[in-house]
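Dear colleague,

I am passing on to you the structure shown below, and I would be glad if you kept it open while you read my notes on it. They go through it place by place, so that you can find each residue for yourself.

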Amino acid sequence: MAGSIVVKDENLQGHLGSPDFFDLERYPEIRFASTDIRRSGNELVIDGDLTIKDQTHRVEARGNVSGPAVTLGDVTKIGITLDTVIDRTQFGLNWNAPLPKGGFAVANEVTLTVELALSEG
């Protein structure tokens, strides 16, 4: 759910949900559907389709696998960390503001990071 994105600044939190950014009222979900998963040792590459604001584009996320590790409660887990860089404007995230000394408040290229802890069961 796009509404699960949390930032510490309440004003920014509200702005991210507005039509300037994610437009949560019209587009409550961000979706990713994988089309291919490749692993070589601890390196993981996942290809798939990312949809934000009804705009879908192919992305490739790269990262690593850690574990398995036994955690509290005797649960075996593996960890996955993935990163991909997207051009946010391709997904309709076009809002920006010029800064007083030049440049803009938000870069067009944004790094998305996903961290997962997976367990059996």
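**What was found**

The largest pocket holds about 650 Å³ of space, in a model that, please bear in mind, is predicted. Its lining is made up of 24 residues, and those that lie nearest its centre are Ile30, Leu50, Ile52, Leu112 and Thr113. The elements that give two or more residues to this lining are β2, β3, β4 and β5. Sorted by class, the residues that line the largest pocket are 19 nonpolar, three polar and two charged.

From there you might turn to strand β2, which covers residues 43–52 and in which Thr51 is found. Thr51 has a relative accessible area of 18%, and because buried means under 20%, this residue counts as buried. Leaving aside residues up to four places away in sequence, Thr51 touches Glu29, Ile30, Arg31 and Thr56. With one of these, Thr56, the touch includes a polar contact of 2.6 Å between the two side chains.

The loop between β2 and β3 is worth a slow look, as two of its residues can be set side by side. Lys53 lies in this loop and has a phi near 55°, which is a positive value in a residue other than glycine. Asp54 also has its place in the loop between β2 and β3, and although Asp54 is not a glycine, its phi is positive too, at about 60°. Are these two residues buried or exposed? Lys53 is buried, with a relative accessible area of 13%, whereas Asp54 is exposed, with a relative accessible area of 61%.

If you follow the chain onward into strand β3, which spans residues 55–71, you will come to Pro68. The peptide bond that leads from Gly67 to Pro68 is cis, and its omega is near 10°.

Strand β1 is where you will find Thr35, a residue that counts as partly exposed at 44% relative accessibility. Although Thr35 and Gly48 are 13 residues apart in sequence, their C-alpha atoms are 4.8 Å apart in space. Not counting residues up to four places away in sequence, Thr35 touches Asp47, Gly48, Asp49 and Arg58, and a polar contact of 3.2 Å joins its side chain to that of Arg58.

A similar walk can be made from strand β5, in which Leu118 is found. Leu118 has a relative accessibility of 37%, and it therefore counts as partly exposed. The C-alpha atoms of Leu118 and Lys77 are 5.3 Å apart in space, while the two residues are 41 residues apart in sequence. When residues up to four places away in sequence are left out, Leu118 touches Thr76, Lys77, Ile78 and Ile80.

The loop between β4 (75–87) and β5 (109–119) is the place of Ala97, which counts as partly exposed at 23% relative accessibility. Here the distance along the chain and the distance in space make another pair of numbers to set together: Ala97 and Leu72 are 25 residues apart along the chain, and their C-alpha atoms are separated by 46 Å. Among residues beyond four places away in sequence, Ala97 touches Gly103, Phe104 and Ala105.

Finally, there is the matter of aromatic rings, for which the count comes to one aromatic pair. The pair is formed by Phe21 and Trp95, whose ring centres are 5.3 Å apart and whose planes stand at 50°, so the pair is tilted. Why can this pair be said to tie together parts of the chain? Phe21 lies in the loop between α1 (10–17) and β1 (31–40), and Trp95 lies in the loop between β4 and β5, so the pair links parts that are 74 residues apart in sequence. As for their surroundings, Phe21 is buried, with a relative accessible area of 7%, whereas Trp95 is partly exposed, with a relative accessible area of 28%.

With kind regards

Note on methods:
Residues are numbered from 1 along each chain as its sequence is written. This is a predicted model: local features need pLDDT of at least 70, side-chain atom pairs count only at pLDDT 80 or more; totals for chains, interfaces and linings use all residues. Side-chain values use heavy atoms; hydrogens and water are left out. Helices (H or I, at least four residues) and strands (E, at least two) are DSSP runs, numbered from the N terminus. Buried means under 20% relative accessible area, exposed over 50%, partly exposed in between (1.4 Å probe, protein chains only). A polar contact is a pair of N or O atoms within 3.5 Å; within protein, one must be able to donate a hydrogen and the other to accept it, and residues adjacent in sequence count only if both atoms are side-chain atoms. Contact means heavy atoms within 4.5 Å. On a 1 Å grid over the protein atoms alone, a cavity is a set of points where a 1.4 Å probe fits but cannot get out, and a pocket is an open set with protein on both sides within 12 Å along at least five of seven lines; lining residues have an atom within 4 Å of a point. Grid points are joined across faces, edges and corners, and a volume is the space filled by probe spheres set on the points. Ala, Val, Leu, Ile, Met, Phe, Trp, Tyr, Cys and Pro count as nonpolar, Asp, Glu, Lys and Arg as charged, and the others, Gly among them, as polar. Rings of Phe, Tyr and Trp (its six-membered ring) pair if their centres lie within 6.5 Å; planes under 30 degrees apart count as stacked, over 60 as edge-to-face and the rest as tilted.
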